[in-house]
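Me: I'd like to go through the enclosed spaces in this one. Here it is.

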Amino acid sequence: MDSRELQFSRAMIFAIEEINNSTELLPGIKLGYQIHDSCASVPVAVHVAFQLSNGLDPVFYKGDNCSQSGMVMAIVGDSGSTRSISISRIIGSFNIPLVSHFSTCACLSDKQQYPTFFRTIPSDQFQADALARLVKFFGWTWIGAVRSDSDYGNNGMAAFLNAAQKEGICVEYSESFYRTHPHSRIQRVAEVIRRSTAMVIVAFAASGDLRILLEELSREPSPPRQWIGSESWVTNPDMLRFSFCAGAIGFGIPQSVIPGLREFMLDLSPTKLAASPVLTEFWEDSFNCKLGKSTAKDESVCDGSEDIETLQSPYTDTSQLRITNMVYKAVYAIAHAIHNAVCQDKNSSNRIESKQVLSQLKKVHFSQNGYDVSFDANGDPVAKYELVNWQKSESGSIEMVTVGHYDASLPVGQEFRIIRNLTWVDGGTQVPVSVCSDSCPPGTRKVLQKGKPICCYDCIPCPEGEMSNATDSTDCFPCPKEFWPNAKKDTCLPKPVEFLSFDEVLGIILAAFSVGGACLAIVIVAVFFRHRTSPIVRANNSELSFLLLFSLTLCFLCSLTFIGAPSDWSCMLRHTAFGITFVLCISCVLGKTIVVLMAFKATLPGSNVMKWFGPPQQRMTVVSFTFVQVLICTIWLVVSPPFPMKNLTVYKERIILECALGSAIGFWVVLGYIGLLAFLCFALAVLARKLPDSFNEAKFITFSMLIFCAVWITFIPAYVSSPGKFTVAVEIFAILASSFGLILCIFAPKCFIILFKPEKNTKKHLMNKN
């Protein structure tokens, strides 16, 4: 016997007696009733439905004699959705309303198929949505699912799976079973649960079905599982005996209080017991005795000492009135509909049809014991649930504790509210984890595993230059062009700007050599000026020497413009200053080389060549060659001057701040002109290399131009292939190397003689007449 169902039927009787004693609801009219046991069987339910719809006369019988059968005005029931579907299909043709207290299948909301069906318990559609949000709320994305193989289980689980899919929840397995299935089927479902990896199991099953599965699981304990239950079993006190389900959570109908119900339940006198075979069976099962005379030797006779108040049974437990209150509300809803129908048709107060009751049920709206009762267009009430948690008490028993609320009438996002701490599987206080794959941290992206649900994935680091700043990101996103991901690739940071600065070692070294070279040139100028009347200075064209030293000083100093952050003026200055000063320098060397050659030719008999290349011509040569470079640089600056730019292509992870050439043709024309003059100077120096050493410096000019040409020939490939700031460093190195080559090869020997070998700084020695 299902003592819980017995409590439901007794609650119906209690409500009817309460209505019959009321002076406000149906005054002067008493309700009669019949109670049939559907035995959780569809054929029995169908048989009962035909019996109830086979009434004769819709008459209210006056007086106390209600033994005659009248037409049924409405039906309360059934506890199972499948039976309610069958009953509703039959009685729908007779316009008899069916008000269920426990049939939750969402399919019954279809008014086309079930036009006379109402219920006081919310549809499973609301519960399925609430369960899906509950699972998502606790971060579970990998679950198992079991269900009753019935309309209740199949439709409820289908609604849940649909809602779960929208929430991004994956199901490892979904198994169905029924209490009448072979034991092997139940064993197979239990084995699937034992082998599964999902920590959480959602069970959309009737109590009678799930009881069989849990009994099978208890025979060979499976790894701990977090059970999530539907209303049908999670609030059934009889299920609390399965201790391994401690920590289970689920939604239940809110608890309620029905004044006087407990006293009514316990008021089972011998007369009442004898008048009801069902109560007799309940009493005998509960106390393991026989009412009346026993026919078997091993059976004891109930002697009247049995105390029902000490009985621990779902029938006597009124501390968790949930579904019982739905029965209570269903009876009152029918009573209000009849009351309204009678009041509306006062001329026929003795005669009323079920069609009128059906019409009035759609409009019912009242409050009983503080509980609002009404139906929407689908015959459903407002969905309100309590979140129930199975918690172990201090005594070790399992109790149902309300830990939260769910109200579907509230705005989206506010329906769900937790009011106290939950206890989880095995009595834990930490929310269990149930995922197929751990969350992918920021800086990675999810890649689905082949052949598995979307919740099973691998975490792949973001590619170079991309980032993800959210957990479980499906894609990585490129950073803006001036940003680069950090080491974890979870945020974009501004790219470091790189240029050859005065603060770094390379910049300091090059600047030191630049300033050192300029100082060396100034020192040589001072030495030459101090000894300007000496033969060695006068013999080597002192005017061109001083101009050459001045140009070399500028060459050394112009390399400083290449160091530091590029700007508009520095980009234009560095290339033009370099081009002009080097042409001035090479022009001076070229002038000195021509002077040497002319001087040698002038010593030949009859030669008058020196008058064609005297000091005015020398100055004009230097100015002319330099003017050509000035003209080239001017055209370059006017047409397409160099400008600062951010180079984002050389290095992906940093920005190179450099000077763009503007016009590449202008740059290479400047370099080409310098190279042309250098080659011409080198060729003339080679021609003069065999002249007597005492008369010329052609040998030193040859060495200096050899170094100059070697440096600038190697500069071109090095300049093209050097990345970033090293391009600038190569250019500075070429400037410094060629400048030091000129100053050391041309002026170092002379300074050595002037300072350390003064005895050689004589006219006789120079004329080689010693």
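Reply: A cavity here is a set of points, on a 1 Å grid over the protein atoms alone, where a 1.4 Å probe fits but cannot get out; lining residues have an atom within 4 Å of a point. This is a predicted model: local features need pLDDT of at least 70 and side-chain atom pairs pLDDT 80 or more, while totals for chains, interfaces and linings use all residues. Residues are numbered from 1 along each chain as its sequence is written, and side-chain values use heavy atoms, without hydrogens and water.

Me: How many cavities of 30 Å³ or more?

Reply: Two. Volume is the space filled by probe spheres set on the points, which are joined across faces, edges and corners.

Me: Which residues line the largest cavity?

Reply: Arg 4, Gln 7, Phe 8, Thr 235, Pro 237, Pro 314, Asp 317, Gln 320, Arg 322, Ile 323 and Thr 324. They enclose about 90 Å³.

Me: And which helix gives the largest share of that lining?

Reply: α1, with three residues. α1 (3–20) and α12 (323–344) each supply at least two; helices are DSSP runs (H or I, at least four residues) and strands likewise (E, at least two), numbered from the N terminus.

Me: Now the second largest cavity. What lies nearest its centre?

Reply: Phe 499, Leu 500, Pro 566, Leu 657 and Val 728, out of twelve lining residues. The space is about 60 Å³.

Me: Which strand gives the largest share there?

Reply: β22, with three residues. β22 (655–660) and α21 (725–756) each contribute at least two.

Definitions and conventions. 1 Å grid on protein atoms, 1.4 Å probe; cavity = no way out; pocket = protein on both sides within 12 Å on 5 of 7 lines; lining within 4 Å.
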